Amino acid sequence: MIVLPAVDLREGRCVQLVGGDYAKEAVRLEDPLAVARDWWRRGFGWLHVVDLDAATGRGSNTDLVTELLREAARHGASVQVGGGVRSLERIETLLDDGAARVVVGTRALEDADFLREAAEAFPGQLVVAADVRERQVVTRGWDTTLPRDVLDVIEGLGEHPLAGVLVTAVHKEGQMQGPDLRLMEAVAEACVWPVFASGGVGGIGDLRALAETGVAGCVVGMALYTDALAPQAALDLMEETA
């Protein structure tokens, strides 16, 4: 199982939110590029970058994302990028700029034709993000709840040539009180693509428990930024479960 440090962008800063609530910002670091360099220096080969402003229609960190991707190329690192990616043109631009994978959420889940077209145009390069609150899928920066159970969504993704599926337990996000293991185990069992988990990790024990569910990777934010999870412990676990 791989661990991907989260670099969430808001107003040009690297932040961490509690429970996906924009009024509850627990971490704010002024220089996201310095943050990314530090994760690479420590030994993480992948980062998970999200433009929170683009995801919620509050703005855009496009130039910063481009800089991060160029910096990743210089370090020989890999980045998956998401947040407000709702067009084929944006996907193509991100891939051309160096993204290893592009994360698509809202439009991919709300527009079946778009998902089909995007997956066919960029086979093996897209990760579909299914953000979940108590088994219901939420979109548009977690503001809209779809009348769909996450397992129904997961089963419908098998026909598309994806790089993976990212499942975020929004009800656990940023709280470091443990991941939703039952959810992740059910998703990993139902999904034909690699599953990346997110939300709730509070320490190395949580990562070990997630590895046992069968997920391929885990995006970790708050625990790494608050030192609840030692970066070296996460790197050691990746070697153990490789």
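## A look around the predicted fold

Asp236 has a relative accessibility of 33%, so it counts as partly exposed. Keep in mind that this is a predicted model. Asp236 is a residue of helix α11, which covers residues 231-241. Take Val27 as a second marker: 209 residues separate it from Asp236 in sequence, and the C-alpha atoms of the two are 25 Å apart in space.

**The chain as a whole**

Zooming out, the protein chain contains 11 helices and 12 strands. Along the principal axes, its C-alpha atoms fill a box of roughly 40 × 40 × 35 Å. How does the radius of gyration sit with a compact globule? For 242 residues such a globule would come out near 18 Å, and the protein chain has 16 Å, which agrees. As for burial, 54% of the 242 residues count as buried.

**Strands β10, β11 and β12**

Strand β11 (residues 195-198) makes a handy starting point here. Val195 and Ala197 point one way from this strand, Phe196 and Ser198 point the other way, and all are buried. On one hand, β11 pairs with strand β10 (residues 164-169) in the parallel sense, over 4 bridges. Within that pairing, Val167 has Ala197 of β11 as its bridge partner. On the other hand, β11 also pairs in the parallel sense with strand β12 (residues 217-220), this time over 3 bridges. Ala197 turns up again here, with Cys218 in β12 as its bridge partner. To get from β11 to β12 the chain passes through helix α9 (residues 204-213), and this β-α-β crossover is right-handed.

**Cysteines**

How many disulfides does the structure hold? The count is 0. Cys14 is in no disulfide, and the nearest cysteine sulfur to it, that of Cys218, is 16 Å away. A disulfide would need the two sulfur atoms within 2.5 Å. Cys191 is likewise in no disulfide; its nearest cysteine sulfur is that of Cys218, 16 Å away. Is Cys14 buried or exposed? Its relative accessibility is 0%, so Cys14 counts as buried. Cys191 is buried too, with a relative accessible area of 10%.

**Aromatic rings**

A search of the whole structure turns up 2 aromatic pairs, and here they are next to each other:

| Pair | Centre to centre | Angle between planes | Geometry |
|---|---|---|---|
| Trp39 and Phe44 | 5.7 Å | 90° | edge-to-face |
| Trp39 and Tyr225 | 5.5 Å | 80° | edge-to-face |

The pair of Trp39 and Tyr225 links distant parts of the chain: Trp39 belongs to helix α1 (residues 32-42), Tyr225 belongs to helix α10 (residues 222-225), and the two are 186 residues apart. Why is the pair of Trp39 and Phe44 called edge-to-face? The ring planes stand at 90°, so that label applies, given that angles over 60 degrees count as edge-to-face. Trp39 and Phe44 are both buried, and Tyr225 is buried as well. Taken together, the ring pairs join Trp39, Phe44 and Tyr225 into a cluster.

One more ring is worth a look, this time with a charged partner. Arg101 lies over the face of Trp46, at 3.8 Å from the ring centre.

Terms used. Residues numbered from 1 in each chain as written. Predicted model: local features only at pLDDT ≥ 70, side-chain atom pairs only at ≥ 80, totals over all residues. Heavy atoms only, no water. Buried < 20%, exposed > 50% of the residue type's maximum accessible area, 1.4 Å probe, protein only. Pairing = 2+ DSSP bridges. Right-handed = clockwise from strand over helix to strand, strands pointing away. Phe/Tyr/Trp six-rings, centres within 6.5 Å; stacked < 30°, edge-to-face > 60°. Lys NZ or Arg CZ within 6 Å of the ring centre and 35° of its normal. Rg over C-alpha atoms; globule rule 2.2 N^0.38 Å.
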